Amino acid sequence: MPELPEVETVKQALLPVLENRRVLSAFVGRSNLRWPLPENLAKRLKNRVFTRLTRRGKYVLMHLDSGEVLLLHLGMSGSVRIYQQKPDLGQHDHFMLEMAPQIGQNYLSYVVLNDPRRFGWIDLFAESAILKHKLLAGMGPEPLSNKFSAAQLEAAFKGRSVSVKNALLNQTLIAGIGNIYANEALFLSGISPRRKAGTITGERANRLATAIVTTLRAAIEDGGTSLRDHVQPGGEIGYFVQRLAVYGQAGKPCPRCSSLIKTIIQSGRSSFYCSRCQR
Ligand code: ZN
């Protein structure tokens, strides 16, 4: 499931294709994904120009010259492909934008959303309603922004008896982190996923906040590298081979101490950790 770094990579890949370019046409293949799609979506997008792209948590926000925002939620299995020639759409290609050429170029671009499980979503709403949007309202700070710090993390976790692992997944406390990067940041900080969130204070909060930023930045860097190395027109974007220390590594040696990585289930999701390095 795409988390902050994968979504950031998708945003970066979409930038040259969408920014300052006009929508020639939009194709909407169904009336719903995870939730119903906006009424008249294709009609409302036609001839609009994307002015800028941003990201909030796990969502790409594509701002339009109409004063509206097109929100992309990749869900569990959503992926984006970019083509320079009109592709034949498959069964799971639910949405496509046909983009006018960039200045100085003569080819169109096509952006296709593929989502076999349909847990993703697309929404279109007024920019002024961003803070009230159901997926964005109440979202915690961006971990790569200056609104995030060890002190802020400590305050957000204060008094919470849930595990720090589950607290990291709570989007109202911190934005964009999912199961992969929660596990990785906890390993890097030497903190057990079972530890109560409320005990993350002082030096521990420092270590965790630093590890979160380091982990996410390294993954974004990997995403950027994979874009440069692998994305050809028509290539899928947003998924890349992450360098993972513990996630999915149960039974393998810890990269730090060679003890075997353990796995436990917390709130229905697997946690991976080294019981020697993480306390
Ligand atoms: Zn270890």
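What spacing do the donors of the zinc ion follow along the chain? The answer is C-x2-C-x16-C-x2-C. The structure at hand is a predicted model, in which local features need pLDDT of at least 70 and side-chain atom pairs count only at pLDDT 80 or more, while totals for chains, interfaces and linings use all residues. Residues are numbered from 1 along each chain as its sequence is written, and side-chain values use heavy atoms, with hydrogens and water left out.

Back to the metal. Four sulfur atoms hold the zinc ion, namely the SG atoms of C254, C257, C274 and C277, at 2.2 to 2.4 Å. Donors here are N, O and S atoms within 2.8 Å of the metal (3.2 Å for Na, K and Ca); water is not among the atoms, so sites may look incomplete. The 4 donor atoms subtend angles of 101 to 113° around the zinc ion, which makes the arrangement tetrahedral. That label is given to four donors if all angles lie between 85 and 135 degrees. For reference, the ideal angle for four tetrahedral donors is 109.5 degrees. Within the site, C254 and C274 link distant parts of the chain, 20 residues apart: C254 sits in the loop between strand 9 (236-237) and strand 10 (262-266), and C274 in the segment after strand 11 (269-273). Helices (H or I, at least four residues) and strands (E, at least two) are DSSP runs, numbered from the N terminus. Both C254 and C274 are buried, where buried means under 20% relative accessible area, exposed over 50%, and partly exposed in between (1.4 Å probe, protein chains only).

Strands 10 and 11 themselves run antiparallel and are joined by 5 bridges; two strands pair if DSSP finds at least two bridges between them. One of the partnerships puts I265 with S270 in strand 11. The hairpin they make has 2 residues between the strands, and S267 takes a positive phi near 50° there.

Elsewhere, strand 4 (residues 68-73) and strand 8 also run antiparallel, with 6 bridges between them, and E68 stands opposite A126 of strand 8. Of the 6 residues of strand 8 (residues 121-126), 5 are buried, so the strand is largely enclosed by the rest of the structure.

As for packing, the largest nonpolar core has 41 residues, and L18, L45, L70 and L97 have the most contacts inside it. Such a core is a set of buried Ala, Val, Leu, Ile, Met, Phe, Trp, Tyr and Cys residues joined through side-chain atoms within 4.5 Å. Helix 1 (residues 4-18) supplies the largest share of this core, 6 residues. Leaving aside residues up to four places away in sequence, L45 touches V23, A26, L64, L70, F95, L97 and L124, a contact being heavy atoms within 4.5 Å. A second, separate core of 29 residues includes F148, L153, L169 and L173.

Helix 3 (residues 150-157) has two faces to look at. Buried here are A150, Q152, L153, A156 and F157. They cover an arc of only 160° around the axis, which puts them on the same side of helix 3; the arc is that of the directions from the helix axis to the C-beta atoms. On the other side of helix 3, A151 and A155 are exposed. Just after the helix, G159 takes a positive phi of about 75°.

L168 belongs to helix 4 (residues 164-169) and is buried, with a relative accessible area of 0%. Its contacts, not counting residues up to four places away in sequence, are F157, I174, I177, A182, L186, L208 and I212. Two of these contacts, A182 and L186, are listed among the buried residues of helix 5. Helix 5 (residues 179-189) is mostly covered, with 10 of its 11 residues buried. Just after helix 5, G190 has a positive phi of about 70°.

Then there are the backbone oddities. Most residues other than glycine have a negative phi. N40, not a glycine, nevertheless has a positive phi of about 55°; N40 lies in the loop between strand 1 (23-28) and helix 2 (41-45) and, at 52% relative accessibility, counts as exposed. N47 is not a glycine either, and has a positive phi of about 70°. N47 is placed in the loop between helix 2 and strand 2 (50-56), and is partly exposed, with a relative accessible area of 40%.

Terms used
Tetrahedral: all angles 85-135°; square planar, octahedral: opposite > 155°, others 65-115°.
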